[in-house]
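Good morning, and thank you for making time for this presentation. Please keep the sequence and the structure in view while I speak.

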Amino acid sequence: MARMNMVQALNSAMDVMLERDPRVVILGEDVGYFGGVFRVTEGLQRKYGEHRVLDTPIAEGGIIAAAIGMGVNGLKPVAEIQFADYIYPGFDQVVSELARLRYRSAGEFSAPVTIRTPCGGGIRGGQTHSQSPESIFTHVCGIKVVMPSNPYDAKGLLISSIEDEDPVVFFEPKRIYNGPFDGDPHKPAVPWSAHARGEVPDGHYRVPIGRAELVREGKDVTVLTYGTMVHVAEAAVRLAGVDAEIVDVRTMAPLDVDTLCTSVCKTGRCVVVHEATRFSGYGAELVATVQEQCFWNLEAPVQRVTGWDTPYPHAFEWEYFPGPARIAAALKQVMEAA
Amino acid sequence: MTPRSRLHVPAPPARPGQEPDFSYVQISPAGAVNRPDVTASVRDIESLALEMVRVLDDEHRAVGPWNPHLEAAELQVALRHMLLTRLFDDRMQKIQRQGRISFYIKSTGEEAVAVAQGMALQPGDMLFPSYRQQGLHVVRGRNLVELMCQCLSNTHDMCKGRQMPIMYHWGNGNIFTISGNLATQFPQAVGWAMAAAIKGEDRIAASWIGEGASAEADFHYGMTFAAVYQAPVILNLVNNQWAISTFQGFAGGEHKTFAQRGPGYGMPGIRVDGNDFLAVYAVTQWAAQRARQSGGPTLIEHVTYRAAAHSTSDDPARYRPKEEWRAWPLGDPVTRLKQHLIALGEWSAERHARLEKELEAHVTACWKEAESYGTLTAGPALDPLTMFEDVYKEMPPNLVRQRDELRALRSAAAAAERPQAAPPVAKKG
């Protein structure tokens with residue numbers, strides 16, 4: 001077992017897969033010689049050569065289209081989109097092509113492409129380097145959508161994604177690349193080496209797609225969240241002094257309804273937390289699911305704590321960010337209701 | 001007066017009621033264009049993008065350095081494929097007009113492009129067509145019944161009722177699934193070709209795009225990636241003059257030829273008479289040979305004319321002269337190949353008429369068989385529950401639940417239609 005941060009864990013996942021499976025190729029802007037702007041592919045081109053770890057032109061639509069063609073021709077491409085905010089030029093290739101090849105050809109053609117892309121704010125990235133567009137992709141049938149919250153899951157889920165026969169959009173919450181951020185930007189950074197999930201096996205293992213994880217047991221209220229917000233929620237629970245159960249959704253599509261709803265039915269209260277904007281956000285799907293499955297067990301209306309419905313502002317990112325105080329307030333409100 | 005900026009809004013040379021005018025189409029004499037070695041550098045062969053490669057002359061002879069010197073038997077096969085494509089199209093159009101299929105797209109006037117290219121490529125080469133290259137299926141020996149069943153969305157439909165008519169695919173024939181979204185296949189073909197090179201194969205890819213769709217970013221992505229990695233791919237731009245109602249000027253064809261974009265990206269651009277079977281065959285052979293020996297991609301502009309409507313939902317009489325095709329200076333590809341064979345003494349009007357009859361009977365027989373597997377309106381149809389399959393390799397829980405829900409609804413509806421005396425249907429799905 002080694003200590004890894006999320007960058008190293010993701011790098012290790014690709015290293016393991018490049019080594020094990022000659023069909024795996026990596027492509028993206030700056031991923032080759034340089035090793036990626038976040039260093040996630042560092043050293044891979046040196047080790048596996050420039051035919052397997054390819055620098056590409058700055059063309060997200062071209063990267064995803066080329067990955068589709070490679071996938072159709074028997075490779076397992078892992079495409080990096082440098083920031084989730086840059087993915088939109090490739091959106092048509094994801095929605096109309098990647099997600100539907102299998103369906104429209106009745107199973108004759110498919111492309112097992114993994115699209116890795118850093119998301120989320122809190123890095124002074126302004127409105128073009130901070131977005132969390134997961135719900136735009138969960139609305140598209142035919143792709144799987146994943147967002148890990150720690151190095152162990154990051155590696156295991158990325159291996160599962162690369163091995164999956166279906167396309168996966170793999171969001172990497174970049175604020176927690178180096179440590180489990182608890183929502184307070186003024187405190188010194190905590191490294192992953194101090195966290196239990198910073199323990200990452202060197203070799204091959206999988207974390208299954210489609211399974212949520214209970215990260216904290218509790219009896220009062222359930223927090224449904226994912227990515228960076230798992231750690232922020234943990235801090236908020238401490239702040240609010242409630243005995244909350246925290247579920248890390250991990251896979252947004254397909255959704256592990258059973259794990260989520262078993263918890264909510266047990267506690268009878270629920271707060272949904274995500275960093276993305278609220279309106280038509282992924283939280284709406286979670287709330288609807290909870291309402292359908294747990295209505296007769298609910299003691300209080302389900303609350304959402306999210307980014308505001310504005311672009312992510314550069315100067316006011318901590319006012320925008322749904323930090324521990326806002327989550328704690330929602331927890332208290334849910335506890336006081338009824 | 002002070003100068004001020006004005007928009008240039010392209011206008012075609014003729015609209016309904018006006019005389020067709022194709023004086024804007026620059027045509028080289030047959031045999032006039034030099035055929036460079038396939039290893040020639042892009043810089044040295046830029047003129048190929050301005051001229052027009054032509055082999056068949058006005059006397060129906062094959063002339064010049066691009067003559068591929070095909071055997072008469074091969075030319076007869078080519079004529080058969082082109083004629084079959086045309087008769088198939090004609091029949092499907094009629095069938096659509098009778099309301100028996102919902103939609104159709106003909107390739108009339110452009111048959112030489114798909115047929116010549118299909119014949120010049122190897123069976124293992126992967127084809128990423130747009131929606132007007134049905135000739136590729138014909139060349140690769142596809143049973144027309146399968147294409148017809150797709151158009152009918154019946155029990156034998158390769159797409160299981162999920163796609164509009166003509167959105168074919170053929171895994172075993174190495175023909176990719178057609179997207180209803182334009183241009184997306186162009187950069188995908190490049191990715192496929194990159195993978196072939198990464199794997200060290202000598203298979204190449206080919207893709208087709210219309211001149212209209214070449215305005216999409218996907219065209220640019222495909223050209224850039226192909227040129228950057230020198231991918232083994234043939235990128236075909238079929239300039240059939242019309243994108244529904246907008247003429248080729250709206251895609252940028254007024255100022256430069258489309259083929260000239262090739263050298264702009266760093267690959268050869270070849271402008272070819274798209275209605276000249278021999279010329280299309282020869283340039284394809286040239287580009288394929290170049291790609292197979294690591295010479296990289298080629299952009300081929302096929303200058304042709306969309307003789308039919310864009311689709312069965314379109315009425316070209318509203319935006320172009322009715323008889324414009326008659327004035328098209330490059331003629332009819334089927335007639336030109338037929339006359340060439342006759343000039344060679346390898347064909348005759350009688351043989352042509354016999355072939356036409358035979359192929360028409362074949363199309364009729366295929367249609368009868370296709371209809372026996374069901375029609376969109378009268379059935380039998382596939383089980384609607386199949387709509388939940390192939391969204392993913394394994395059906396996820398939400399789709400299992402939704403499929404069960406639809407199954408229960410259908411069972412309940414069926415039970416309600418049964419006579420009262422019938423036993424109730426079990427609730428279990």
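S280(A) sits in the loop that runs between β13 (270-277) and α10 (282-294) of chain A. I should say at once that this is a predicted model. The phi angle of S280(A) is near 60°, a positive value in a residue other than glycine. Is S280(A) buried or partly exposed? With 13 other C-beta atoms within 10 Å, S280(A) is partly exposed.

Chain A has another residue to set beside it. R250(A) is not a glycine, and yet its phi is positive, at about 65°. That residue belongs to the loop between β11 (244-248) and β12 of chain A. Its surroundings contain 27 other C-beta atoms within 10 Å, so R250(A) is buried.

On the far side of β12, please look at P254(A), which is placed in the loop between β12 (251-253) and α9 (257-267) of chain A. The peptide bond that joins A253(A) and P254(A) is cis, with omega at about -5°.

Chain B also has a cis peptide bond, from G379(B) to P380(B), and there omega is near 0°. P380(B) lies in the loop between α11 (349-372) and α12 (397-417) of chain B.

While we are on chain B, consider helix α1, residues 72-97. How far does this helix reach from its first C-alpha to its last? The 26 residues of α1(B) reach 37 Å, close to the 38 Å expected at 1.5 Å a residue. After α1(B) comes G99(B), with a positive phi near 80°.

Let me now turn to chain A as a whole. Its secondary structure amounts to 12 helices and 14 strands. The radius of gyration of chain A is 19 Å and the globule rule gives 20 Å for 338 residues; the two are close, so chain A is as compact as a globular protein of that length. The C-alpha trace of chain A spans about 60 × 45 × 40 Å along its principal axes. Of the 338 residues in chain A, 61% are buried. If we take the contacts in chain A between residues at least 6 apart in sequence, 78% of them join residues at least 24 apart.

How is chain A divided into domains? The assignment gives domain 1 (2-200) and domain 2 (213-336). Taken over C-alpha atoms, the centres of these two domains of chain A are separated by 25 Å. Across the boundary, 30 residues of domain 1 of chain A are in contact with 30 residues of domain 2 of chain A. On the domain 1 side, at least two residues each are supplied by α6 (134-138), β6 (144-146), α7 (151-163) and β7 (168-173) of chain A. By class, that side of domain 1 has 11 nonpolar, 12 polar and seven charged residues.

Finally, I come to the interface between the chains. Here 37 residues of chain A are in contact with 36 residues of chain B. Which elements of chain A give two or more residues to the side that touches chain B? They are α3 (60-72), α4 (91-98) and α5 (101-104) of chain A. The largest share, nine residues, is that of α3(A). The side of chain A that touches chain B divides into 18 nonpolar, 12 polar and seven charged residues.

That concludes my presentation, and I welcome your questions.

How values were computed: Residues numbered from 1 in each chain as written. Chains lettered and ligands numbered in written order. Predicted model: local features only at pLDDT ≥ 70, side-chain atom pairs only at ≥ 80, totals over all residues. Helix = DSSP H or I, 4+ residues; strand = E, 2+ residues; numbered from the N terminus. Rg over C-alpha atoms; globule rule 2.2 N^0.38 Å. Buried ≥ 20, exposed ≤ 12 C-beta atoms within 10 Å, placed from the backbone. Contact = placed C-beta atoms within 7 Å. Nonpolar A, V, L, I, M, F, W, Y, C, P; charged D, E, K, R; others polar. Expected span 1.5 Å × (residues − 1). Domains from an automatic or database assignment.
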